[in-house]
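Please open the model in a viewer and keep the sequence panel at hand. The tour below proceeds by selection, and each stop states what is to be found there.

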Amino acid sequence: MIMGELEYDHTVTPFECRMGWALDFDKGPFQGRDALLAMKDSVTGRVVSVVVDAAPEAAEGARLELDGRDIGYVTMALPSPVLGGATLGLARVHRDAVKSGTALTAVAADGSKADATVRPTPVYDPERARVRA
């Protein structure tokens with residue numbers, strides 16, 4: 001569940017926080033329509049799910065690195081019952097790191113490092129089969 005002021009704010013487009021589905025460009029004109037259309041294919045980041053090999057307290061707010069390059073940060077983290085208690089978080093990352101399975105390094109505020117992996121969203125039912133059951 002994405003939350004305002006964590007995963008998105010006034011600097012983030014709906015496409016970056018997985019809310020592009022809420023825009024209906026065929027419905028007619030609306031304020032900001034042309035600007036959003038211009039940004040649609042040029043977003044630089046995205047909100048993704050990540051599993052971090054650290055306690056939720058250490059993972060939350062951690063910077064994320066890809067090959068030593070700073071590419072984002074974990075916005076929130078908590079233990080996931082679906083993943084056997086593993087730490088699951090949401091993160092804002094550069095588009096280079098949005099593919100499921102991408103291996104990242106989480107760097108906590110105290111400098112400690114942990115492995116992190118981008119996972120499909122939703123983590124509990126990535127194929128959305130439960131909805132169709």
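**First stop: the strands around S4**

Select strand S3 (residues 69-79) together with S4: the two pair in the antiparallel sense over seven bridges. Strands here are DSSP runs of E with at least two residues, helices are runs of H or I with at least four residues, and both are numbered from the N terminus. Two strands are said to pair if DSSP finds at least two bridges between them.

The model is predicted: local features need pLDDT of at least 70, and side-chain atom pairs count only at pLDDT 80 or more, while totals for chains, interfaces and linings use all residues. Residues are numbered from 1 along each chain as its sequence is written, and side-chain values use heavy atoms, with hydrogens and water left out.

Within this pairing, pick Tyr73, whose bridge partner in S4 is Arg92. Now add strand S1 (residues 45-52), which pairs with S4 in the antiparallel sense over eight bridges. Here Val50 has Gly89 of S4 as its bridge partner.

How many of the eight residues of strand S4 (residues 87-94) are buried? Six of them are, so S4 is largely enclosed by the rest of the structure. Buried means under 20% relative accessible area, exposed means over 50%, and partly exposed covers the range in between (1.4 Å probe, protein chains only). When colouring side chains along these strands, recall that in a regular strand the side chains alternate between the two faces of the sheet.

**Second stop: Thr75 and Val98**

Select Thr75, which is found in strand S3. At 8% relative accessibility, Thr75 counts as buried. Leaving aside neighbours within four places in sequence, Thr75 is in contact (heavy atoms within 4.5 Å) with Leu6, Glu7, Glu60, Leu90, Ala91 and Arg92. Arg92 is thus met again here, after its appearance as the bridge partner of Tyr73.

Move next to Val98, in the loop between S4 and S5. Is Val98 buried or partly exposed? Its relative accessibility is 33%, and Val98 therefore counts as partly exposed. Not counting residues up to four places away in sequence, Val98 touches Arg46, Val48, Val93 and Val118. For a distance label, choose the C-alpha atoms of Val98 and Asp26: these residues are 72 apart along the chain, and the atoms are separated by 28 Å.

**Third stop: S2, S5 and S6**

Select strand S2 (residues 63-66) and strand S5 (residues 103-107), which pair in the antiparallel sense over three bridges. In this pair, Glu65 stands opposite Thr105 in S5.

Extend the selection to strand S6 (residues 113-119), which runs antiparallel to S5 and is joined to S5 by five bridges. Ala103 has Thr117 of S6 as its bridge partner. S5 and S6 form a hairpin with five residues between them, and Gly111 in the turn has a positive phi of about 95°.

Another positive phi is found at Asp67, a residue other than glycine, with a value near 55°. Asp67 is in the loop between S2 and S3, and is exposed, with a relative accessible area of 80%.

**Fourth stop: the aromatic residues**

Select Phe15, Phe25 and Phe30, which form one aromatic cluster. Rings of Phe, Tyr and Trp (its six-membered ring) pair if their centres lie within 6.5 Å; planes under 30 degrees apart count as stacked, over 60 as edge-to-face and the rest as tilted. The count by this rule comes to two aromatic pairs. Phe15 and Phe25 form a stacked pair, at 6.4 Å centre to centre and with 20° between the planes. Both Phe15 and Phe25 lie in the segment before helix H1 (33-39), so the pair ties together parts that are ten residues apart in sequence. Phe15 counts as buried at 10% relative accessibility, and Phe25 is buried with a relative accessible area of 12%.

**Last stop: the whole chain**

Return to the full view. The chain has three helices and six strands, and from the N terminus on its elements run α-β-α-β-β-β-β-β-α. Its C-alpha atoms fill a box of roughly 50 × 40 × 25 Å, taken along the principal axes. Buried residues make up 36% of the 133 residues. Among contacts between residues at least 6 apart in sequence, 55% join residues at least 24 apart.
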